[in-house]
Amino acid sequence: MRHARRTARRITRLAAVGGLLCGSLLVTRAMANEPGASGPPVPVGERLVAQLGAARTAGSWLGADGRTVVAVTDAGAAADVRRAGARAEVVRHSMRDLRSAVATLRAAPRVPGTAWSMDYGSNEVVVRADSTVSAGDWSRLAAVARTIGASVRMERARGTFTTRVDGASPIFASGGRCSAGFDVTDGRDAFLLTAGHCGPVGTTWFARPGDATALGTTVSGTFPGSDFSLVRYDDGVPRAQSDVVAIGGGRGVRITGAADPVVGQRVFRSGSTTGLHSGRVTGLNATVNYPEGTVTGLVQTTVCAEPGDSGGPLFADGLALGLTSGGNGDCDAGGTTFFQPVGAAMTALGVRLTGTTGSDASQAGAGSGRARPGDDVAQSTPPAGSEAGAPGGGGTGTGAGTGTNMGGAADTGADNTGTASGTGPYAAISRVVNTRSVGPGLLVIGGSLIALVAARSMRSSRLSRRERAWSSGI
C-alpha cells in the first residue's frame with residue numbers, strides 16, 4: 001500500500017513538471033506569434049521579393065483565393081517561392097525591367113492627363129491617358145512606349161485625372177472643400193493629416209462654412225511630387241475619439257495602426273462627398289500627371305471618389321493605409337482613384353498616429369478622425385453591404401462614442417454614448433497577446449501547479465503520520 005502511494009506521488013510530480021514545460025511552451029509560442037512593438041510582420045510576398053531581388057522577381061499580390069502570388073523570372077526563384085508557401089508565377093519582365101520602363105516614361109516630356117503604374121498581374125507598366133490628352137500627345141507618348149518595348153501597354157481612360165478638392169468629415173477653406181484624414185501628433189501638438197493639394201501652407205480650415213472659429217491651419221505639406229499636408233489644430237489638443245474614422249449613418253471604424261497596402265487587398269475609403277466605398281488595390285508606386293503637377297509613389301485602386309473626397313482616409317482591417325489624392329470617374333460609373341501612402345507621409349512629416357508610442361508608421365496605435373457624440377463604432381473592416389455611405393456622412397468627427405474592433409458599441413444611457421465592450425484591462429492585454437492562444441497554455445500551467453501542490457500535500461501527510469508513529473513509540 002505504501003509503495004502504491006509512493007508511485008502515485010512520483011507520477012503526479014512527473015505529470016506536473018511535464019505540464020509546466022508544455023504550458024510554458026504554448027504561452028511562449030503564442031507570444032512569439034503576436035506582432036510586437038515594431039508592428040506587424042512583413043507580408044510573405046514582400047519578404048520574398050526583397051530576398052530574391054529585383055532581377056529575379058516582379059512584384060507580389062494577393063490572388064482571388066487570398067493566397068500570396070509572387071512573379072519570378074526563373075525556375076530557381078519559383079522553387080524558393082513555393083517552399084515559402086506562396087504561389088509562383090514565371091514572367092518575362094523583372095522588376096528591374098519595369099523600373100527601367102518607368103524611369104524612361106518619367107524622363108519623357110510631361111503630358112497632363114496621363115498616369116502609369118506597374119501591373120504585377122500582367123507583368124507590364126500600364127500607361128493611361130484621359131480624355132484631355134490630344135491625339136498628338138498620345139502619339140508622342142506611344143512612340144516613347146515603343147522604344148521601351150513589350151513591358152509597356154497603352155490604354156485610354158474615360159473622364160479626366162483630377163484631384164478631388166471640393167472628404168471623412170468635411171473641412172472648408174476659401175479654396176474649396178476637402179476631407180479630414182487621420183489625427184496625428186509629433187508628441188506635443190495635435191494635427192490633422194490630409195491631402196497636400198487641398199491647400200498650401202498657411203491655409204485656414206473651418207469645420208463648417210461661415211464658422212467664426214477656425215479648426216486649424218496648414219503648417220506643412222507637399223504637392224506636387226507627393227500629396228500630403230499637416231493641419232495644426234488651433235487649440236493644439238487631440239480630438240476625442242481620435243482613433244475612429246466615421247463611415248456614415250452614425251457609425252465609425254476604429255483605427256489601431258498603420259501599414260502599407262498590398263496589391264489585391266480589399267480596401268475602404270471614406271469621404272464627405274460620397275461616404276464609404278470599397279475596392280481593390282491594383283498598383284503601387286503609381287505616377288499621375290495632374291494638371292497641377294506630377295505626383296509619384298501613389299497607391300492605385302478601383303475605389304471610386306468624387307470632388308470633396310480629397311484627403312479622406314483609406315483603410316482596411318483597422319489599419320490606416322492612405323489619403324485620397326485623385327483619379328477619374330465617379331461613384332455611379334466607377335473609376336480609378338489614387339492615394340498617398342500614409343506611412344510615407346508620416347515619416348516625411350515626423351508625426352505618428354495619435355495614441356501610438358513611436359514614429360514608425362507600422363506601430364499599432366490609435367488612428368484617425370473624430371467621431372460625433374453617440375456614434376457607433378463598427379468592426380475594423382466594414383461589412384459587405386455597408387459600402388455606400390450617405391453623402392457627407394463619411395469621415396471623421398469628434399465626440400464621446402467608443403467601441404471595439406469587432407462590433408458595435410453598446411448604448412449606456414440617455415446620452416447615447418457608446419461604450420467599448422473591448423475596453424478595460426482585458427482589452428489592453430488582448431492588444432499585447434492573443435488571449436485565445438495563450439489561454440490553453442495558462443490552463444495547463446495552472447493545472448500543473450495544482451498537481452504539484454497536491455503531491456506536496458500527499459508527502460507532508462505521509463511525513464506527519466510517520467512523526468506521530470515515532471512519537472507514540474518513545
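The second largest pocket of this predicted model encloses about 650 Å³ of space, and its lining is made up of 29 residues. Elsewhere, a search of the whole structure finds 2 disulfides, and 6 strands form an open sheet with antiparallel pairing. The largest cavity has a volume of about 30 Å³. The points below take these features in turn, together with the surroundings of strand S5 and of Ser272.

**The second largest pocket**

- Of the 29 residues that line the second largest pocket, Glu46, Tyr120, Pro261, Leu284 and Asn285 are the ones that lie nearest its centre.
- Both helices and strands contribute to this lining, since at least two residues each come from helix H2 (44-52), strand S1 (57-62), helix H4 (95-107), strand S4 (114-119), S19 and S20.
- Sorted by class, the lining of the second largest pocket comprises 17 nonpolar, 8 polar and 4 charged residues.

**The largest cavity**

- The largest cavity, with its volume of about 30 Å³, is lined by Leu105, Ala108, Pro109, Arg110, Val111, Thr114, Trp116, Leu141 and Asn289.
- By class, the residues lining the largest cavity are 6 nonpolar, 2 polar and 1 charged.

**Strand S5 and its partners**

- Strand S5 (residues 124-129) is mostly covered, with 6 of its 6 residues buried.
- In a regular strand, side chains point alternately to the two faces of the sheet.
- In S5 both faces are covered, as Glu124, Val126 and Arg128 on one side and Val125, Val127 and Ala129 on the other are all buried.
- On one pairing, S4 and S5 run in the antiparallel sense over 6 bridges, and within this pairing Ala115 stands opposite Arg128 in S5.
- S4 and S5 also form a hairpin with 4 residues between them, and Asn123 in the turn has a positive phi of about 60°.
- S5 pairs in the parallel sense with strand S6 (residues 152-156), over 5 bridges, and here Val125 stands opposite Val152 in S6.

**The open sheet of 6 strands**

- The 6 strands of this open sheet follow the order S12-S13-S14-S11-S10-S24, with antiparallel pairing.
- Its edge strands are S12 and strand S24 (352-353), each of which pairs on one side only.
- Within the sheet, S11 and strand S14 (residues 228-233) run antiparallel and are joined by 4 bridges, with Leu193 standing opposite Leu230 in S14.

**The disulfide of Cys178 and Cys198**

- Cys178 is joined to Cys198 by a disulfide with an S to S distance of 1.9 Å, and the link is left-handed, with -100° about the S-S bond.
- Because Cys178 lies in strand S9 (residues 176-179) and Cys198 in the loop between strand S11 (190-194) and strand S12 (204-205), the pair ties together parts that are 20 residues apart in sequence.
- Cys178 counts as buried because its relative accessibility is 0%, and Cys198 is likewise buried, with a relative accessible area of 8%.

**The disulfide of Cys304 and Cys331**

- Cys304 and Cys331 form a disulfide in which the sulfur atoms are 2.0 Å apart, and this link is right-handed, with 95° about the S-S bond.
- Cys304 is found in the loop between strand S20 (293-301) and strand S21 (313-316), and Cys331 in the loop between strand S22 (319-327) and strand S23 (337-341), so this pair ties together parts that are 27 residues apart in sequence.
- With a relative accessibility of 8%, Cys304 counts as buried.
- When the bonded cysteines of the protein chain are numbered in sequence order, the pairing reads 1-2, 3-4.

**Ser272**

- Ser272 has its place in the loop between strand S18 (266-271) and strand S19 (275-290), and it counts as buried at 2% relative accessibility.
- A polar atom of the Ser272 side chain lies 3.3 Å from the backbone oxygen of Gly308.

Notes:
Residues are numbered from 1 along each chain as its sequence is written. This is a predicted model: local features need pLDDT of at least 70, side-chain atom pairs count only at pLDDT 80 or more; totals for chains, interfaces and linings use all residues. Side-chain values use heavy atoms; hydrogens and water are left out. A disulfide is a pair of cysteine sulfur atoms within 2.5 Å. Buried means under 20% relative accessible area, exposed over 50%, partly exposed in between (1.4 Å probe, protein chains only). A polar contact is a pair of N or O atoms within 3.5 Å; within protein, one must be able to donate a hydrogen and the other to accept it, and residues adjacent in sequence count only if both atoms are side-chain atoms. On a 1 Å grid over the protein atoms alone, a cavity is a set of points where a 1.4 Å probe fits but cannot get out, and a pocket is an open set with protein on both sides within 12 Å along at least five of seven lines; lining residues have an atom within 4 Å of a point. Grid points are joined across faces, edges and corners, and a volume is the space filled by probe spheres set on the points. Ala, Val, Leu, Ile, Met, Phe, Trp, Tyr, Cys and Pro count as nonpolar, Asp, Glu, Lys and Arg as charged, and the others, Gly among them, as polar. Two strands pair if DSSP finds at least two bridges between them.
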